[in-house]
Each structure stands twice: as C-alpha cells, then as structure tokens.
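This briefing describes how helices and strands are arranged in a single structure. Please keep the sequence and the model in view while reading.

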Amino acid sequence: MSLKKYKKFTRGYYLLGIASIIFVGYSMICVFYHFQDVLRSDRLMPVRAVVVDGVLKYLSRKDIADITGRTAAGSNITTLDTEEVRSALMQNPWIASASVKKKMPDTLDVSIVEHVPAAYFNHGLFDAKTREPFYPNMRDFKEPLVKLEATHDYLAPTVYDQTVKFISEFQNTPYEVVKVKLDSARGYHITLSNGIELRLGRDEAKNPLSQRIKTFIEAFSKTDIDVNNVEYVDLRYDSGFSIGWKNK
C-alpha cells in the first residue's frame, strides 16, 4: 500500500518537474526576445556622437559630421548598418575613401581620405593617386593647376601621364604648359602660358611627340618671330611645321 503511494507521488513529481522546466525555458525564451527588442530600440542605444579622423583641406569636420548625422543620428548603434553610412559619405565628390566603425556605447568613428587634385579635367578635377576624375562644386576652387581635356573620363589617366611628360620636355625653356587636350582623333594639343597652341597630333614611332616639341623649342629659339602674333603652331608633319597667325 505504501509502495503504490510512493510510486504515484514520484510520477506526479516527475511530471511537475517537466512542466516546470518547460515553463522556465519558455519564459527564458520570451525574456531573451524581449531583451533583443529592447536592445534594438532606438531609444535605448542611439548614436549620439561622431568622431571624424583624417587630414581635411576641402571639407570640414562639420561637413562629415552632418552627412553622418543625417544618416545615423538617433539610430540604435547595435543595429546600425555602417555600410549605409559609408555609402552616404561617398556621395560627396571630395571623398576618395571612407570607413565607419562603431565605438560603444554611442559613438561612430569616421575616417576620411580626401581626393587630392593634381589637375583640372574637363569640368572637374583629376586625382593622380586614385587615377580618376571627380566632379565637385568648382565655384570656389581656384588652384593654379594644369588643365586637361578628353572626350571620356577613362582617358583621364592617359592624358595626365602624357602631360607630365610634356611638362618635363619644357623644363628649362621660357614656355609653360597650361592646358593639354586629347581630341576625338586621339591627337594632342598643348596650350602654352603665352597663349600659343601647339597642334601635335597623334604619337607615332617614326615621329614621336617629344621630337615635335623639340623641333618647336629649337626653331623658335633661333628665330625672331614675335610669339605675341602667333595663334598656333602645327607640328603634325614629318618634318617642319606651319604657323597660324592671329587676326589672319
């Protein structure tokens, strides 16, 4: 008799234990998901500060903080997509690269590398380090850089590299290269600081551009031509050149 009572008590206790475990497990799961919801709430861990790192010349730290703030301010830092913030920063044409890192509990560390303009290109600028043109607001940009022109952006590195060679060719001469244009036929035109245009044409193995420039420098150093009356010098010949005069 006592044995049967003991067995019934043991079975009931066992079932009660299972029910308790299930209840506790369910409660823990509910608490866990509730905690996640709370943790993700913008009210709990919002972004409150932005720290900007980088050497800035054309942008201010306020510019960077404003862009970051418009994208991230008030968002929960634990769930914030930093790539979204980085993409927003990269929309600014002066920014060459950007990285965004979270610093708990409420700060974003933003690192910026600006474009460094080496030349004007079409209606924008060219960065020799990134090897690409970019197009910021040019209204307040007045730096004395050489001007490059080409029909397509992908030609910018080619024109820049050739311009560096042109500038080297004119070292120790009275002439300064201020503009280089690559036309649709892939012919080069150089404008000098005195306003003369040198029409060089395409680079050719039998008559390279460097030789045509040398021809111009040597010929004009030995003549008494008044360069103020010269509009252009056409050097697209196997030998010699022709001159176009102003007002003629």
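Contact here means heavy atoms within 4.5 Å. The model is predicted. The briefing treats a helix pair, then an open sheet of nine strands, and then the helices that lie on that sheet.

**The pair H2 and H3**

- Helix H2 spans residues 61-72 and helix H3 spans residues 82-90; their axes come within 9 Å and cross at roughly 135°.
- The two helices, H2 and H3, are therefore oblique to each other.
- The crossing of H2 and H3 is right-handed.
- On the H2 side, the residues in contact are Ile64, Ile67, Thr68, Thr71 and Ala72, and they meet Glu84, Val85, Ala88 and Leu89 of H3.
- Sorted by class, this contact of H2 with H3 has six nonpolar residues, two polar residues and one charged residue.

**The sheet as a whole**

- The nine strands of the open sheet follow the order E6-E5-E4-E7-E8-E9-E10-E11-E12, and their pairing is mixed.
- Strand E6 (132-134) and strand E12 (242-245) are the edge strands, each pairing on one side only.
- From one strand to the next, the twist averages 25°.

**Strand pairs within the sheet**

- Strand E11 (residues 230-234) is joined to E12 by four bridges in the antiparallel sense.
- In this pair, Asp234 stands opposite Ser242 of E12.
- E7 and E8 run parallel and are joined by three bridges.
- Leu148 stands opposite Val180 in E8.
- The chain passes from E7 through H4 to E8, forming a β-α-β crossover that is left-handed.
- E8 also pairs with E9, in the antiparallel sense and over five bridges.
- Lys179 has Thr191 in E9 as its bridge partner.
- The hairpin of E8 and E9 has five residues between the strands, and in this hairpin Arg186 takes a positive phi near 65°.

**Helices on the sheet**

- The edge strand E12 pairs with E11 in the antiparallel sense.
- Helix H4 (residues 156-169) packs on the sheet, where the strands touched include strand E4 (117-121), strand E5 (124-127), E6 and strand E7 (147-149).
- H4 also touches strand E8 (177-182), strand E9 (188-192) and strand E10 (197-201), and the direction of H4 makes about 140° with that of E8.
- Helix H5 (residues 209-221) lies across E9, E10, E11 and E12.
- H5 runs at about 145° to E10.

Technical notes
Residues are numbered from 1 along each chain as its sequence is written. This is a predicted model: local features need pLDDT of at least 70, side-chain atom pairs count only at pLDDT 80 or more; totals for chains, interfaces and linings use all residues. Side-chain values use heavy atoms; hydrogens and water are left out. Axes are lines fitted to C-alpha atoms, for helices over the stretch in contact, and angles run from 0 to 180 degrees between N-to-C directions. Angles under 35 degrees count as roughly parallel, over 145 as roughly antiparallel, 65 to 115 as roughly perpendicular and the rest as oblique. A crossing is left-handed if the near helix is turned anticlockwise from the far one by less than a right angle, and right-handed if clockwise. Ala, Val, Leu, Ile, Met, Phe, Trp, Tyr, Cys and Pro count as nonpolar, Asp, Glu, Lys and Arg as charged, and the others, Gly among them, as polar. Two strands pair if DSSP finds at least two bridges between them. A crossover is right-handed if, with the strands pointing away from the viewer, the path from the first strand over the helix to the second runs clockwise.
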